[in-house]
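Okay, everyone, thanks for coming. Let me put the structure up, and then I'll talk you through a few spots.

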Amino acid sequence: MAGILLSAVFQRYVPSGIAGDLFGRENRFGIFLAATIGVPLYACGGGTIPLLQTWMYEGMGMGSAAAFMLTGPAAKITNLGAVKIVLGMKHFVLYLAFVMVFALFSGIVIDWIVL
């Protein structure tokens, strides 16, 4: 429910076209930005899908969308708390690094394939 509300807030109050500017294929850091904001912004898949649909309509690249969807569930705040408790700080940092690197690599490959 919170994810759907968050998606509605973004669709209503974030200026149209900003997704294309930030996450478009023309922006060299679009995939990195999408992967980075996927960590704190991802609330649930039900709310994220309409948000991504709107962003992609505004010009978000496929690679950026993939990076956002990979980091979101893997680094959701509730999951991170559990991972840190179970793995400890050193492995927690390695987990986050792996998630980010995998999301970035996947986004780049997807953009390359879709080209």
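So, helices α2 and α3 each supply at least two residues of the nonpolar patch. Helix α2 covers residues 18-23, and α3 runs over 30-41. And keep in mind that we're looking at a predicted model here.

Who's in that patch? The members are Ile18, Leu22, Phe29, Phe32 and Leu33. They sit on the surface, and together they have about 430 Å² of accessible area.

Let me pick out one of them, leucine 22. You'll find leucine 22 in helix α2. Is leucine 22 buried or exposed? Well, somewhere in between: its relative accessible area is 34%, so we call leucine 22 partly exposed. The cut-offs matter here, because buried means under 20% and exposed means over 50%. Now look across to alanine 34. Leucine 22 and alanine 34 are 12 residues apart along the chain, and their C-alpha atoms are separated by 8.4 Å.

Okay, stepping back to the whole chain. How many helices and strands does the protein chain have? There are 7 helices and 0 strands. If you read along the sequence, you just get α-α-α-α-α-α-α. The chain has 115 residues, and buried ones make up 34% of them.

Next up, the largest pocket. Rolling a probe the size of a water molecule over the atoms shows where empty space is left. In this model, the largest pocket holds about 210 Å³ of space. It's lined by 15 residues, and the ones closest to the centre of the pocket are Asn27, Arg28, Ile31, Ile108 and Asp111.

Which helix gives the most to that lining? That would be α7, with 4 residues. Helix α7 spans 89-114, and both α3 and α7 supply at least two residues of the lining. So α3 turns up twice in this talk: in the pocket lining and in the nonpolar patch.

What's the chemistry of the lining? The residues divide into 8 nonpolar, 4 polar and 3 charged.

Let's stay on α7 for a second, since isoleucine 113 lies in that helix. Isoleucine 113 has 61% relative accessibility, so it counts as exposed. What's the distance from isoleucine 113 to methionine 62, C-alpha to C-alpha? In space it's 9.8 Å, although the two residues are 51 apart in sequence.

Last stop is helix α5, residues 62-74, where we find methionine 69. Methionine 69 is partly exposed because its relative accessible area is 29%, and partly exposed is what we call anything between the buried and exposed cut-offs. From methionine 69, go 34 residues along the chain and you reach alanine 103. The C-alpha atoms of methionine 69 and alanine 103 are separated by 8.5 Å.

Okay, that's my tour. Happy to rotate the model if anybody wants another look.

Methods:
Residues numbered from 1 in each chain as written. Predicted model: local features only at pLDDT ≥ 70, side-chain atom pairs only at ≥ 80, totals over all residues. Heavy atoms only, no water. 1 Å grid on protein atoms, 1.4 Å probe; cavity = no way out; pocket = protein on both sides within 12 Å on 5 of 7 lines; lining within 4 Å. Points joined across faces, edges and corners; volume = space filled by probe spheres on them. Nonpolar A, V, L, I, M, F, W, Y, C, P; charged D, E, K, R; others polar. Patch = residues over 30% accessible without salt bridge, like charges linked within 9 Å, V, L, I, M, F, W, Y side chains within 5 Å. Areas by Shrake-Rupley, 256 points an atom, 1.4 Å probe, with all protein chains shown as cover. Salt bridge = Lys/Arg side-chain N within 4 Å of Asp/Glu carboxyl O. Buried < 20%, exposed > 50% of the residue type's maximum accessible area, 1.4 Å probe, protein only.
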